[in-house]
Protein chains: 2
Amino acid sequence: MTITARENWSRRRKFYAWGAEDEGATDEEARAIERVWGEALGADGFEVTPPPTLDEINLKPSRVDRVPTSLQPICHTDTYQRALHTYGKTFMECARCFARDFADAPDAVVYPRDEAEVAAVLDWCGGAELAAIPFGGGSSAVYGVNPVVGERFKGVVTIDMSHMNRVLETDITSRAARVQAGVFGPDLDAQLKPHGLSLRFFMQAYPYSSLGGWIATRAAGHYAMGTTHIDDFVESVHMVTPKGGWRSRRLPASGAGPSPDRFAIGSEGAMGIITEAWLRLPSRPAHRRGATFAFAAFDDGIEALREVAQAGLNPANCRLIDPREAGLTGSYDGTKAILVLGFESAHHPVDAWIDIAMQACRDHGGEAVEETLAASGDTSATAAARWRQAFLREPFYREVKTARGIGRDTCETAIPWSGFRDLHEAVKTRTSRAIREVTGRDGTVTCRITHVYPDGPAPYFTFHFLCDKTRMVEQATAIKTAAYDAMTETGGTITHHHAVGRLHMPWYLKQRPPLFGEVLRAAKETLDPRGMMNPGVIVES
Amino acid sequence: MTITARENWSRRRKFYAWGAEDEGATDEEARAIERVWGEALGADGFEVTPPPTLDEINLKPSRVDRVPTSLQPICHTDTYQRALHTYGKTFMECARCFARDFADAPDAVVYPRDEAEVAAVLDWCGGAELAAIPFGGGSSAVYGVNPVVGERFKGVVTIDMSHMNRVLETDITSRAARVQAGVFGPDLDAQLKPHGLSLRFFMQAYPYSSLGGWIATRAAGHYAMGTTHIDDFVESVHMVTPKGGWRSRRLPASGAGPSPDRFAIGSEGAMGIITEAWLRLPSRPAHRRGATFAFAAFDDGIEALREVAQAGLNPANCRLIDPREAGLTGSYDGTKAILVLGFESAHHPVDAWIDIAMQACRDHGGEAVEETLAASGDTSATAAARWRQAFLREPFYREVKTARGIGRDTCETAIPWSGFRDLHEAVKTRTSRAIREVTGRDGTVTCRITHVYPDGPAPYFTFHFLCDKTRMVEQATAIKTAAYDAMTETGGTITHHHAVGRLHMPWYLKQRPPLFGEVLRAAKETLDPRGMMNPGVIVES
């Protein structure tokens, strides 16, 4: 069975790692990774495990046999499709790919082309006692798309939404568009560009993640303040549930009862599949300015962030990267934290805005190291540009690191300003200790602030550690558990924008009001009485 | 039985109209109302019905007899308390007060002093088969607090939260405070002021509405853009439901599943009683500037608003008032629309912001009529100040108008910019026609824009009409129905910030996704299995 060419996204993806088959880290990048992480983790050279090939993968036979005739043209059971949809993109999953472990592969993958086909797939799954796993770009960092559903189903069908990828309608006056949920970031932007619009919603997973995935997981994007989450861009949601369609009215705002959209947003495929949304779209920026400041003390950088966040300036970019992370990513010299500021507007010059924010940085001891995003001139050599480049390339480095037993994982949260210092200290200390205990040697634990709010920051921690290649999943899980415990026990959320999935469920269950958990269960019983939608996510199965 | 003095709000309120017994419209204001509305509605003088007095009110005997001993000190069954809690503050309800009709009075009113007492009251209501009506300030515009619950209960208890009125905790670093839900606007502000904080959440009902009421009804406040609704200020919510307490974690942001807060916000007392919230608090503004523009064409003013809304400037104030409304409120000459702009910041001068917004107004044909809110100087004679004064006094005029048979009602909505013109035309035309058909003569239907979003405005319509005093409720209901039909059939929400209550239920049921209605019903059965919480609101009873 061959793969249906996607109309707007025809490159064949790697089934075991980030990106298309014809892209990845260069040899030069791989050598740099060995050099940087060999030094940071104290390793003398690396043995390189080759990536898996399709003929090495032994899948259990598909349990799906009687596919309804009308769905046969969009249903795939070949090894490539099943392997491609076995995992999201955590380190632990990449490690399992390198271990040639695809035991959890779905039994079939369907690519619906419209809402009617989504409904037909759910009808089929319901009747045949199959679990249904919605799949956008597969970039989940939380086991959100894994077909691990327990024993009570007769099989698992993954529903890949990437063929529903069109901008269906625009409303230029209102700066809005109706978009199918399966569209990936670059494709969405390309379709909006002729209308002068853009979602301006960039994140690391942008090239290989979908609008529906962003909405289902409450993803966060480009903007460091204000409209940080996709929640704020959604004007209305269409969802197909096992009990039928859910369409909210398209409104700029409403006070009519609890928001139906805010209930669908973040439901992670456990209530239904998001098929379309009307989006509020910023105009493409015509004016930009940026600047980077270095801070000798991370805490001073935090105070500068807090002032900017509480001043109501709404920077597009306002990120603080700790000295070690700035050093390890090649952004700065490793001795100072850097704070990257960016302002943008489609309407007017942003000098007044950035001048005030820059003064706040200076007032807290920041030293201006450069201005970036200037109207003209080559800015690719700036610290901000180097950081951005490292950030965008990192997903491609996953397979390079995994092949070498270099563990890399992250956790991210949000916390009131008053609680930040304790949380930061706890995560760094306890994760570092866990790395030592688990791997027998020191790793790195670094922090950046990705988003800021008047009442608190969203810190993002990255940890690297040298693994025993035969125990990578177990080691990474133990380290991650220490980080999650530290983060949530000091008041943080289990996730600011990576969602809950299966990975975060134990902490999510402690965090949410228990009665809200009962409401979610009742909602799921209403919308998905067979419990077949992404089982184990959001609601305990 | 005497009234327990409220610790921070001890003035005795009128049981039939807005405000305390020792405040109200002056004789001069009453004469101005007769002059303006006599002329506008073509009336030759008015017969004045005197306001009701307590000894004219005949209530049905209270059905509540066995109040638990522990609750007796906070439970009231006297005529004043029962009458005070019979109605919200619509024209129809004021008309019923003037008709001495208090047939729907609750059987008892309790004033819990802490969360334990709220829980005890709900236990009592559950055991005794009583309906429970949460009550904040009683300013509902949508029959949200009316003890009209059908026949399946043995009585109705109104739970007045106004004794839970304290700021319990502040977090200055994070600009946040934990506040009891019963506090009224001015009292909250007075308690926050020593900390340099303010909620900056002003609306017409501000003096006589509560934090818990704002949260339960998704009220909108001071800010014309950005943080328009209370939703945006809530960091976490405490709610007491018949099944126990609901407390969300205090977070600046989270991506962990559908937001529990966004489910509690807007639940209108149908799921439980909001008892506390952590609030994000702006600092008190130190810099302000304002300006007013006149537009010969209302549509040009709309285009100016749209440009400002889409430019990302976030004005605190950005309101457009149509020529007739500006004239009738004495704000301007009646021939032009006025657009009132205001910017404020605790952090920095706002000149750059307002200069850009003012240019947008000029570019769309606006004529600057004055600058207001200047750093110094008497600005009380400006159009903006006159409009503000008329706006703040209007609730006190309700009883003056009702006593004279001058009907005044409103509806408010939000709509994408592309749909505004049709909605505006439909509401004006169909409401005007309904006024003629129902009253036999012309009334007035005016419009202002209260809040703006990048993708659409929130229009607010006010209508005046001359009633037959024996049929005021019936006439107003018919007129209002025409307005609601027009507003929702052209794509608007039934409410941008007045909530659903019992009045808006028929339109709300048509607007929301039917499956979300089923989710709400399942949630209510989970949290309130007896269906006793504010029955008939949000969920059909």
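This short talk describes how two chains are related, how two helices pack, and what lies in a nonpolar core.

The model is predicted: local features need pLDDT of at least 70, side-chain atom pairs count only at pLDDT 80 or more, and totals for chains, interfaces and linings use all residues. Residues are numbered from 1 along each chain as its sequence is written, and chains are lettered from A and ligands numbered from 1 in the order in which they are written.

Let us begin with the two chains. A rotation of 180° with 0.0 Å of shift along its axis places chain A on chain B, with an RMSD of 0.0 Å (a least-squares fit on the C-alpha atoms of residues with pLDDT of at least 70 in both). This is the relation of a two-fold axis. In chain A, the C-alpha nearest that axis belongs to A:Ala522, at 2.8 Å.

We turn to two helices of chain B (DSSP runs of H or I, at least four residues, numbered from the N terminus). Helix H3, residues 91–98, packs with helix H13, residues 472–489, at an angle of about 175°, their axes 9 Å apart. H3(B) is therefore roughly antiparallel to H13(B), a term for angles over 145 degrees. B:Phe91, B:Met92, B:Ala95 and B:Arg96 of H3(B) meet B:Met472, B:Val473, B:Ala476 and B:Thr477 of H13(B); in such contacts, C-beta atoms placed from the backbone lie within 7 Å.

Finally, which residues touch the most other members of the largest nonpolar core? Among its 348 residues, they are A:Ile215, A:Leu339, B:Ile215 and B:Leu339. Such a core joins buried Ala, Val, Leu, Ile, Met, Phe, Trp, Tyr and Cys residues through C-beta atoms within 7 Å, buried meaning 20 or more other C-beta atoms within 10 Å of a residue's own.

Conventions: Axes fitted to C-alpha atoms, helices over the stretch in contact; angles between N-to-C directions. Parallel < 35°, antiparallel > 145°, perpendicular 65-115°, else oblique. Contact = placed C-beta atoms within 7 Å. Buried ≥ 20, exposed ≤ 12 C-beta atoms within 10 Å, placed from the backbone.
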